[in-house]
Amino acid sequence: RDAEPRCCEVINSPIYVVTDVELDGPVPGRHSMLSFASVAVTPDGHHHGEFESVLSELDGASPDPEIMAFWKTQPEAYAAATRNPEPPEAVMKRFVDWVRSLAGDAIFAAHPLALDGPWIDFYLQRFTRECLSEGPWRPKRLFRSPPLCLMSFAAGRLGWPTWACDVDRYPADWLGDHEHTHQAIDDARGYAHLLVILMSKSGPA
């Protein structure tokens, strides 16, 4: 008889922390995270709050010229990503407190995880005692499950190639009609709505 699948632990009322980051370069530490935003949502579409903040530049870091050339084409988004920055240590402590206040087990999600995930992990490890993914030996870890890549999840759910799972290819209603503005909170809201659509029983029409 085939062995039945076993689960190490049960996730209690999972809440997805769908996160988008804005950056001044590609390498955490060499460059800085300008801002980020998270939307906490359950698969049934219920929202459990939002978090957003602008961060001051890391000591010893400097912006990447190519990324800054892109930001020159997005003046409104860049203004939002750099307005009234706070020290990263204060922001990340507040973020940890916010995640821990959620009424369920938090699961980090991003589109794509390969971009946003390493930045949040770097800042968590540098400014707090937390990190993005930890083993079960730590019972009070910040995120109870490995993070979810929404781009990969969309590819599997839709049967599309991964490279086709791009914000410009999704119908506007899959993103909740949230325009992708490169402002972190706008983009996080759109991806949170996409997560709910992908997790629905019927899936996208």
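This passage describes the overall dimensions of a predicted model and then two of its elements, strand β1 and helix α5.

The secondary structure of the protein chain amounts to 6 helices and 5 strands. In sequence order these elements follow the pattern β-β-β-α-α-α-β-α-β-α-α. The radius of gyration of the protein chain is 17 Å, and this agrees with the value near 17 Å that a compact globule of 205 residues would have. Along the principal axes, the C-alpha atoms occupy a box of roughly 60 × 40 × 30 Å. Of the 205 residues, 45% count as buried. The exposed surface of the protein chain comes to about 10,900 Å², with carbon and sulfur atoms supplying 52% of it. Among contacts with a separation of 6 or more, 69% are made by residues 24 or more positions apart.

Strand β1 spans residues 15-23, and 9 of its 9 residues are buried, so the strand is largely enclosed by the rest of the structure. Burial here refers to a relative accessible area under 20%. In a regular strand the side chains alternate between the two faces of the sheet. Both faces of β1 are covered. On one side lie I15, V17, T19, V21 and L23, and on the other Y16, V18, D20 and E22, all of them buried.

Strand β1 pairs with two strands, in opposite senses. With β2 (residues 33-41) the pairing is antiparallel and runs over 8 bridges; within this pair, Y16 stands opposite V41 of β2. With β4 (residues 106-110) the pairing is parallel and runs over 4 bridges. In this second pair, V18 is found opposite A109 of β4.

Helix α5 comprises residues 150-158, and its buried residues include L150, M151, A154 and A155. These residues cover an arc of only 145 degrees around the axis, which places them on the same side of α5. An α-helix has 3.6 residues a turn, so residues three or four places apart point the same way. The buried residues of α5 pack against the strands β1, β4 and β5 (148-149), and also against helix α6 (184-199). Strand β1 is thus linked to β4 by parallel pairing, and both strands are packed against by the buried residues of α5. After α5 comes G159, whose phi is positive, near 75 degrees.

Notes: Residues numbered from 1 in each chain as written. Predicted model: local features only at pLDDT ≥ 70, side-chain atom pairs only at ≥ 80, totals over all residues. Heavy atoms only, no water. Buried < 20%, exposed > 50% of the residue type's maximum accessible area, 1.4 Å probe, protein only. Pairing = 2+ DSSP bridges. Arc of directions from axis to C-beta. Contact = heavy atoms within 4.5 Å. Rg over C-alpha atoms; globule rule 2.2 N^0.38 Å. Areas by Shrake-Rupley, 256 points an atom, 1.4 Å probe, with all protein chains shown as cover.
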